[in-house]
Amino acid sequence: MSDIVTVENLSKTYDGGFQALKNTSLSIRQGEILALLGPNGAGKTTLISTICGITAPTAGHIQVGGHDVVTDWRAARKLIGLVPQEINLEPFELLINTVRFSRGLFGQPPNAAFIEKILEDLSLADKKNARIAELSGGMKRRVLIAKALAHEPRVLFLDEPTAGVDVELRRDMWQLVERLRADGVTIILTTHYIEEAEAIADRIGVIRKGEILLVEEKTKLMQRMGKKTLKIELRAPIDAPPDALSEFDLSLADGGQALIYSYDAAGERTGITRLLASLQSCGLAMADLQTSQSSLEDIFVDLVQESAA
Ligand SMILES: Nc1ncnc2c1ncn2[C@@H]1O[C@H](COP(=O)(O)OP(=O)(O)OP(=O)(O)O)[C@@H](O)[C@H]1O
Ligand SMILES: [Mg+2]
């Protein structure tokens, strides 16, 4: 797959002297969904704003669809839809005009049917003649999405699109994202709801303190970093795992009524058969067994903590 966005050695130091991005490079593939995860202040919004040509880079180069975002801004920007983290709408404007205006701004001819369709998809059609100030917070967030889509962008940036959006709407929004992806739109999103990234993204990028720690296929990342656990419920509680089992990574749970065995999900051998045999020879009887796999959230927390150490 070819790259639609390339970021090379990008640094950003804000006027006050704070360095928000440090020599960052990133390639975004045409048609993929990339989720950028990172703690508050990591530099996610700065990265997105710089790619969209809203924030000037201090050093480095960015291309979108082959256009340099600084020297060829209009051509690059026409390809980009941006749903910003902050709501920045004109309160007295009518919803429909806000969305129409955005289409014209990026050089697209009027298309009333297309605009109507977007408003339908985002459940905004019945509010189209309302003023922005008359909308709820979640509706305003949907207007931001409608605006971003109005000029039919090929690359869509969603900076925390689901913050403050209710569960049902969030589901609708992810369905919309899936449809856009099916149309070949490349999607870059940030979210603090990591289970959303886990559900929807092809690749995951993790940013911390202005540096990209990794960008990797979600499935590979989860295989590589994911831990599996086996919970062994015992027939009778114990005070501590027996010394004879010290070679296994075991901890006690449920007040001594269960043992938790952690093992490497990517490893060839799990050690489970050997563990179960050893349990028997220690005279521990099992009541039940359960396995579980760590989520992307567990992996993310581990990654961010590890790099802080
Ligand atoms: N205009 C600005 N002037 C000075 N510093 C800024 C400016 N915008 C952002 N920063 C700083 O840059 C760092 C990165 O901010 P950024 O908004 O990119 O983080 P983020 O990863 O999007 O965080 P969040 O998850 O909270 O949205 C922060 O320390 C922030 O204070
Ligand atoms: Mg942000």
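# Pockets, a cavity and a ligand

The largest pocket here takes up about 440 Å³. Keep in mind that this is a predicted model, where local features need pLDDT of at least 70, side-chain atom pairs count only at pLDDT 80 or more, and totals for chains, interfaces and linings use all residues. As for labels, residues are numbered from 1 along each chain as its sequence is written, chains are lettered from A and ligands numbered from 1 in the order in which they are written, and side-chain values use heavy atoms, with hydrogens and water left out.

**How the spaces are found**

- The search runs on a 1 Å grid over the protein atoms alone: a cavity is a set of points where a 1.4 Å probe fits but cannot get out, while a pocket is an open set with protein on both sides within 12 Å along at least five of seven lines.
- A lining residue has an atom within 4 Å of a point.
- Grid points are joined across faces, edges and corners, and a volume is the space filled by probe spheres set on the points.

**The largest pocket**

- Its lining has 22 residues, and Ile54, Arg77, Leu82, Pro84 and Asn88 sit nearest the centre.
- Two or more lining residues come from each of helix 1, helix 2 (73-78), strand 6 (80-83), helix 3 (95-105) and helix 5 (137-149); helices (H or I, at least four residues) and strands (E, at least two) are DSSP runs, numbered from the N terminus.
- Sorted by class, the lining has 11 nonpolar, 7 polar and 4 charged residues.
- For that sorting, Ala, Val, Leu, Ile, Met, Phe, Trp, Tyr, Cys and Pro count as nonpolar, Asp, Glu, Lys and Arg as charged, and the others, Gly among them, as polar.

**The second largest pocket**

- This pocket holds about 300 Å³ of space.
- Phe114, Leu149, Leu180, Asp183 and Val185 are the closest to its centre, out of 13 lining residues.
- Helix 4 (112-121) and helix 6 (167-182) are the elements that give two or more residues to this lining, and helix 4 has the largest share, with 4 residues.
- The class split is 7 nonpolar, no polar and 6 charged residues.

**The cavity**

- There's 1 cavity of 30 Å³ or more, and the largest cavity has about 30 Å³ of space.
- Its lining is made of Ile145, Leu156, Leu158, Met173, Leu176, Val177 and Leu180.
- Strand 7 (155-159) and helix 6 each give two or more of those residues, with helix 6 giving the largest share, 4 residues.
- By class, you get 7 nonpolar residues here, with no polar and no charged ones.

**Ligand 1**

- Ligand 1 is surrounded by 14 residues (each with a heavy atom within 4 Å of it), and the closest are Asn40, Gly41, Lys44, Thr45 and Thr46.
- Polar side-chain atoms of Asn40 and Gln85 each lie 2.8 Å from an oxygen atom of the ligand, and one of Lys44 lies 2.7 Å from a ligand oxygen.
- The protein covers 64% of the 640 Å² of accessible area that ligand 1 has on its own, with areas worked out by the Shrake-Rupley method with a 1.4 Å probe.
- Helix 1 (residues 44-51) gives the largest share of the shell, 3 residues.
- The shell is a mix of 5 nonpolar, 7 polar and 2 charged residues.

**Domains**

- The protein chain is assigned domain 1 (3-222) and domain 2 (227-293), with bounds from an automatic or database domain assignment.
- The C-alpha centres of domain 1 and domain 2 are 45 Å apart.

Terms used. A polar contact is a pair of N or O atoms within 3.5 Å; within protein, one must be able to donate a hydrogen and the other to accept it, and residues adjacent in sequence count only if both atoms are side-chain atoms.
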